[in-house]
Amino acid sequence: MPTIFDHSDPRYLIVFANDEEGHNHAEEISLMLKKWVEVLGTAKSRFGVIQVNHAHEEHDDDEDHEHEHVRDEEQENAITAMATAFRRDNRARVNEITTGYATVIAHEIKEEQWETANTRTNQFANYMFGVRGQMFKDLDSAKAWLDEIADLDPIALDTPGQSGDKAATTAIFYGSTTGNTEMIAEQVQSAWQNAHSETPPIVNVGNMAELMKLLSYNKILVGIPTWNIGKLQDDWEIVYPYLDQVDLSGKTIAMFGIGDQYGYPENFQDALGILGRKFLERGAKLIGYTSIEGYEHSHSVGVDGDQFMGLAIDDINQPEMTNGRIEAWVTQVQNEFAQE
């Protein structure tokens with residue numbers, strides 16, 4: 001099915017951009033984002049975006065289709081790069097003129113998975129597009145929801161790097177592609193504030209104009225997800241080469257990583273190790289190591305001896321453990337900082 005746009009009603013930009021198996025392809029996503037930008041430039045009133053997923057047939061061949069939801073790595077990289085560029089260049093305008101982002105899921109999703117998927121859709125829409133997000137099972141329901149929220153004020157966008165106590169001695173730097181790591185960074189900030197009078201500012205490295213901002217703090221918390229198969233998240237991937245120009249001597253860094261231990265058991269938390277070893281190479285001291293007990297994975301570049309090189313979060317498979325792990329880790333890191 002080719003990509004089809006319907007903007008006959010100015011209240012909605014409807015995008016049919018999936019193949020018959022329900023998979024997004026980079027070329028189709030590119031067309032959708034380009035059309036969105038085009039409408040942003042010509043719209044005279046606010047409108048909502050609806051992405052309609054084409055229905056697909058169920059397959060009986062478990063061996064071939066057990067992981068069909070995981071895109072080809074090359075496609076994933078291309079889609080991620082486009083979505084990130086769209087966020088950086090257009091998020092403020094989208095926030096101003098787009099009422100919301102709805103997805104219509106034509107295929108069946110188990111009821112127990114629907115709430116989680118819906119939450120992640122909203123989180124993704126908030127982070128990537130700066131708008132409210134929601135999932136629906138039919139197009140009419142998506143339109144009705146966009147009508148309901150049409151008069152709501154746009155969601156508030158944080159000013160990059162300004163969230164927290166400006167007098168803080170500690171800061172949180174993170175990179176996030178879908179918003180998951182941003183959410184964890186905010187939980188870390190909240191736990192830190194609850195255990196300490198200081199509220200560390202949160203800095204999205206994707207919005208950071210100067211890498212030297214790292215040098216403004218001697219105590220640094222770093223959040224990074226492992227992306228694709230053992231790779232750095234794209235914002236950190238961009239920052240990584242420039243770390244060779246930075247002297248981190250005298251800086252103490254504690255890292256928290258986000259990963260999927262069952263989906264990627266051979267690469268779980270690899271980014272912790274890739275980035276952590278670069279920090280060590282540049283003269284920083286790493287603290288906040290945690291035990292590998294309680295996780296199921298076969299290999300990780302993020303492990304040093306019998307410890308992760310920071311806090312390992314798996315909010316996909318162990319969401320009920322996330323809050324407790326963050327609180328315990330924050331207490332540990334504050335004690336280790338105090339010993340410096």
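Two residues are taken to be in contact when heavy atoms of theirs lie within 4.5 Å. In the predicted model described here, contacts of this kind with a sequence separation of 6 or more were counted along the protein chain, and residues 24 or more positions apart account for 76% of them. The protein chain contains nine helices and 15 strands. Of its 340 residues, 48% are buried. The exposed surface of the chain comes to about 16,500 Å², of which carbon and sulfur atoms supply 47%.

Helix H5 spans residues 139–149, and its buried residues are Ala 142, Trp 145, Leu 146 and Ile 149. These residues cover an arc of only 100° around the axis, and therefore they lie on the same side of H5. Asp 140 and Glu 148, in contrast, are exposed on the other side of the helix. The cover over the buried residues of H5 includes four strands: S2 (12–16), S3 (47–53), S4 (98–105) and S5 (132–136).

A charged residue was examined in helix H6, which runs over residues 180–195 and includes Glu 182. Buried means a relative accessible area under 20%. Glu 182 has a relative accessibility of 19% and so counts as buried. When neighbours within four places in sequence are set aside, Glu 182 is in contact with Tyr 127, Tyr 174 and Ser 176. One of these partners, Tyr 127, is 55 residues from Glu 182 in sequence, while the C-alpha atoms of the two are 8.1 Å apart in space.

Ala 43 is found in the loop between helix H1 (26–42) and S3. The relative accessibility of Ala 43 is 21%, so this residue counts as partly exposed. Ala 43 and Arg 11 are 32 residues apart along the chain, and 9.6 Å separates their C-alpha atoms.

The structure holds one cavity of 30 Å³ or more. The volume of the largest cavity is about 50 Å³. Its lining is formed by Thr 226, Asn 228, Gly 230, Gly 259, Asp 260, Tyr 264, Asn 267, Phe 268 and Gln 269. By residue class, the lining of the largest cavity divides into six polar residues, two nonpolar residues and one charged residue.

Two of the lining residues, Asn 228 and Gln 269, were also considered for their backbone angles. Most residues other than glycine have a negative phi. Asn 228 is not a glycine, yet its phi is positive, at about 55°. This residue lies in the loop between strand S8 (219–227) and strand S9 (231–232). With a relative accessible area of 12%, Asn 228 is buried.

Gln 269 likewise is not a glycine and has a positive phi, of about 65°. The loop that holds Gln 269 runs between strand S10 (252–258) and helix H8 (270–281). Gln 269 is buried, and its relative accessible area is 0%. Asn 228 and Gln 269 thus each combine a place in the cavity lining with a positive phi and a buried position.

Definitions and conventions: Residues are numbered from 1 along each chain as its sequence is written. This is a predicted model: local features need pLDDT of at least 70, side-chain atom pairs count only at pLDDT 80 or more; totals for chains, interfaces and linings use all residues. Side-chain values use heavy atoms; hydrogens and water are left out. On a 1 Å grid over the protein atoms alone, a cavity is a set of points where a 1.4 Å probe fits but cannot get out, and a pocket is an open set with protein on both sides within 12 Å along at least five of seven lines; lining residues have an atom within 4 Å of a point. Grid points are joined across faces, edges and corners, and a volume is the space filled by probe spheres set on the points. Ala, Val, Leu, Ile, Met, Phe, Trp, Tyr, Cys and Pro count as nonpolar, Asp, Glu, Lys and Arg as charged, and the others, Gly among them, as polar. Helices (H or I, at least four residues) and strands (E, at least two) are DSSP runs, numbered from the N terminus. Buried means under 20% relative accessible area, exposed over 50%, partly exposed in between (1.4 Å probe, protein chains only). Accessible areas come from the Shrake-Rupley method with a 1.4 Å probe; for residues, only the protein chains shown count as cover. The arc is that of the directions from the helix axis to the C-beta atoms.
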